[in-house]
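Hi everyone, thanks for coming. I'll walk you through one structure today, so have a look at it while I talk.

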Amino acid sequence: MSTPPAPAPAPLALLAELTHRCPLACPYCSNPLALEGREEELQAADWARVFREAAAMGVLQLHLSGGEPAARRDLTEIVAAARMAGLYSNLITSAIGLDGARLAALQAAGLDHVQLSLQAADAADADRIAGYAGAHARKLAFARQVTALGLAFTVNIVVHRANIDAVETLVALAASLGAGRVEIAHAQYHGWALKNRPSLMPTRSQVDHAMAAVEAIRREGRYDLAIDLVVPDYYARRPKPCLGGWGRRSLNVSPSGMVLPCHAAQTIPGLEFWSVRDHALVEIWNHAPAFLAFRGTAWMGAPCRDCALAEQDWGGCRCQAMALAGDAAATDPACALSPLHGRMAEIAAEDAQATPPAYCYRGR
Amino acid sequence: MSSPPAIPARPKLAPGVRLHHDATRQAWVLLAPERVVELEGPAREIVQRCDGRHAPDQIIDALAALYTAARAEIAADVTDLLAELAARRLIV
């Protein structure tokens, strides 16, 4: 029964959560409910070491995220370290705390790409979702600064019940802001988003309508920008290869230096995570128990074990299996072959039909 | 944008696109937002000349000098690659 673990492939991407501090309080945030505090955060020099080690392991893409990365005063130093290590750096930001001068300094330090989040097309709706008055106006001003500097620019919109009907307007807004790419991302129900699922879950018809609207925009070539959009798990028939498979392509470093196979992995009880404070990154990737737990296919039970797609979707999302099946080694209920697949659709329908409760804002 | 963009007169890498040597995988790649595009064969020699100064004809001449193949054949390869990179918005 026991197959020796496959050798670890070289990772391509590192998600660096520089801080959990964030001025916004979006209810769809997939950060953990137990947010790490400022006093626990890695220093810029620690990050520089992590970036060098990551590049030496084969990582090419670095996502600087959080929380809000701009909440760190040493962000420019961190970006410069990324460039020095040879990594392609992508800043994932809410724009709050970044003025034109600071952005220009980041560009000079070697920042490659900016990804700005928008919460809605209408300012009042956007500020209500973000839990921050005036956020939307600041984001629009920031977008103008990004394009004025000639930085590569993506707009990211997490869609859910309150904003998904405006998807056409959102894509038009991203295009008018000069984005080269727009990501329409459905809320992923981990952390704060899981807590808010009854407020966030769209109805099936909302999802279908949004998908059709985006498809029409693409077909007509209405705007000069690339549109990325995926079917949300709760309404899918096949699971997604979460991050290209557990411990295969990506790794995530938390603000305090814990190395996670994905940003929600700490929702799985019993996994042992290692910190960059105690181990070299390559040692963690190759040997940390949390990475070995679900790497490859040896951990799979039925029906994944005998599935022809086992090495394509890698059994889907372990954190979703944990959240819905109570067992991280179960088949992701997003898969039609999971005994819980029907239940997942029922949960979505129940959440989406009920009167949405008030948001439980992140960190408040 | 209904038709794919034409080959630029003096192609250069689009904003946010960088040529990089991936030492781990022994490959030349283009790094772009959420994308890593592997460059095979003479693609690196072509992309290196996408610097905003060289016209496609000059790139073809340079490649013809590097490789001992008929210019027509090289012209076809270069044109195909530039068209593909333009369509994928990796050059402007």
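Okay, so let's begin where the chains meet. At this contact, chain B puts in 17 residues and chain A puts in 28 residues. Keep in mind that this is a predicted model. Putting chain B and chain A together buries about 1,600 Å² of area, and carbon and sulfur atoms give 53% of that.

What about charges? How many salt bridges are there between chain B and chain A? The count is two. In chain A, have a look at Asp112(A): its side chain meets the side chain of Arg18(B) in a salt bridge, with 2.8 Å from N to O. There are also ten residue pairs in polar contact across the interface of chain B and chain A, with both residues at pLDDT 80 or more.

Now, which elements of chain B give two or more residues to the side that touches chain A? Those are strand 1 (18–22), strand 2 (27–32) and strand 3 (35–39) of chain B. If you sort that side of chain B by class, you get seven nonpolar, six charged and four polar residues.

Let's move over to a spot inside chain A. Find helix 6, residues 167–176, and helix 9, residues 204–220: their axes come within 9 Å and cross at roughly 40 degrees. Because of that crossing, helix 6 of chain A is oblique to helix 9 of chain A.

Who makes the contact? From helix 6 of chain A we have Val167(A), Glu168(A) and Val171(A), and from helix 9 of chain A come Ala210(A), Ala213(A), Val214(A) and Ile217(A). By class, this helix 6 and helix 9 contact in chain A has six nonpolar residues, one charged and no polar.

Technical notes: Residues numbered from 1 in each chain as written. Chains lettered and ligands numbered in written order. Predicted model: local features only at pLDDT ≥ 70, side-chain atom pairs only at ≥ 80, totals over all residues. Heavy atoms only, no water. Contact = heavy atoms within 4.5 Å. Buried area = accessible area lost by both parts, 1.4 Å probe. Salt bridge = Lys/Arg side-chain N within 4 Å of Asp/Glu carboxyl O. Polar contact = N/O pair within 3.5 Å; in protein donor to acceptor, adjacent residues only side chain to side chain. Helix = DSSP H or I, 4+ residues; strand = E, 2+ residues; numbered from the N terminus. Nonpolar A, V, L, I, M, F, W, Y, C, P; charged D, E, K, R; others polar. Axes fitted to C-alpha atoms, helices over the stretch in contact; angles between N-to-C directions. Parallel < 35°, antiparallel > 145°, perpendicular 65-115°, else oblique.
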